[in-house]
Amino acid sequence: MDTHIDESTLHQYNNGVKCLKSTIYDVAIDRYNNLINLHEPFEECVFVEVFNRSKINTFVDVGAAWGYYSFLCKSHNPKCKVFAFDPDQEMCENIRKNEEFNFRGDSNIEIFNEAISESNTTLKSVIERFGSIDLIKIDIQGEGTSALLSAEDKITEIKNVILGTHGVEHDYCKNILEMSGFSIKLSLRANEIPIQPDGIIWAERKE
């Protein structure tokens, strides 16, 4: 891909991540212009804190969209193995496009045009294939419960979970994580966070 592109077609976040404007949701662009120029400022603070507290060598990005968190992960640890999942083929193509501007196509992010849920690709199968997960980010518009349940007994091989929640799934997901032996480090609903549209749960595997 030719990376010599009109800079006006790119959006550069305050953390240095670059993405084609055409790959980003319009509502998100509007939010950046009116608030902090980060995708989800509060969630990003949590993301960075996890990296500061733990050694993250494996990251699974569920609902990767245009690749923002996959790129953010690589900026913190270039050697981290990143597996990005999104059921929208166009978004998977957008990840690859944006990868060029951040890493010249050499990030080794593995991209899967798949949905993670009980009825599609399961987290159990992902863990069986790639091994334990140091950090998983899940943001799939209300389907987080199904994604967590799809891990079955393999959920014990996940160390950290950051989950963007939507509506009633917040409590369901929190209960699943607690019952699966996680310590809930943070639990806030969307109306409790003024600078991003989703709720958030951060859960850490108890030692």
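At 59% relative accessibility, Gln141 clears the 50% mark and so counts as exposed. This is a predicted model, and Gln141 sits in its loop between strand 6 (135–138) and helix 6 (144–149). The backbone here is a bit out of the ordinary: Gln141 is not a glycine, yet its phi is positive, at about 55°. For context, most residues other than glycine have a negative phi.

Ala65 tells a similar backbone story. Its phi is near 55°, again a positive value in a residue other than glycine. Ala65 is found in the loop that runs between strand 3 (58–62) and helix 3 (68–76). When it comes to accessibility, though, Ala65 comes in at 13%, which is under the 20% cut-off, so this residue counts as buried.

Both residues turn up again at the largest pocket. Ala65 and Gln141 are among the lining residues that lie nearest the centre of this pocket, along with Tyr25, Gly63 and Asp139. The pocket itself has a volume of about 540 Å³, and its lining takes in 31 residues.

As for what the lining is made of, 16 of its residues are nonpolar, nine are charged and six are polar. Helix 1 (26–34) and helix 3 each put at least two residues into the lining. Helix 1 gives the most, with three residues. Helix 3 also comes right after the loop that holds Ala65, while the loop that holds Gln141 leads on to helix 6.

Definitions and conventions
Residues numbered from 1 in each chain as written. Predicted model: local features only at pLDDT ≥ 70, side-chain atom pairs only at ≥ 80, totals over all residues. Heavy atoms only, no water. Helix = DSSP H or I, 4+ residues; strand = E, 2+ residues; numbered from the N terminus. Buried < 20%, exposed > 50% of the residue type's maximum accessible area, 1.4 Å probe, protein only. 1 Å grid on protein atoms, 1.4 Å probe; cavity = no way out; pocket = protein on both sides within 12 Å on 5 of 7 lines; lining within 4 Å. Points joined across faces, edges and corners; volume = space filled by probe spheres on them. Nonpolar A, V, L, I, M, F, W, Y, C, P; charged D, E, K, R; others polar.
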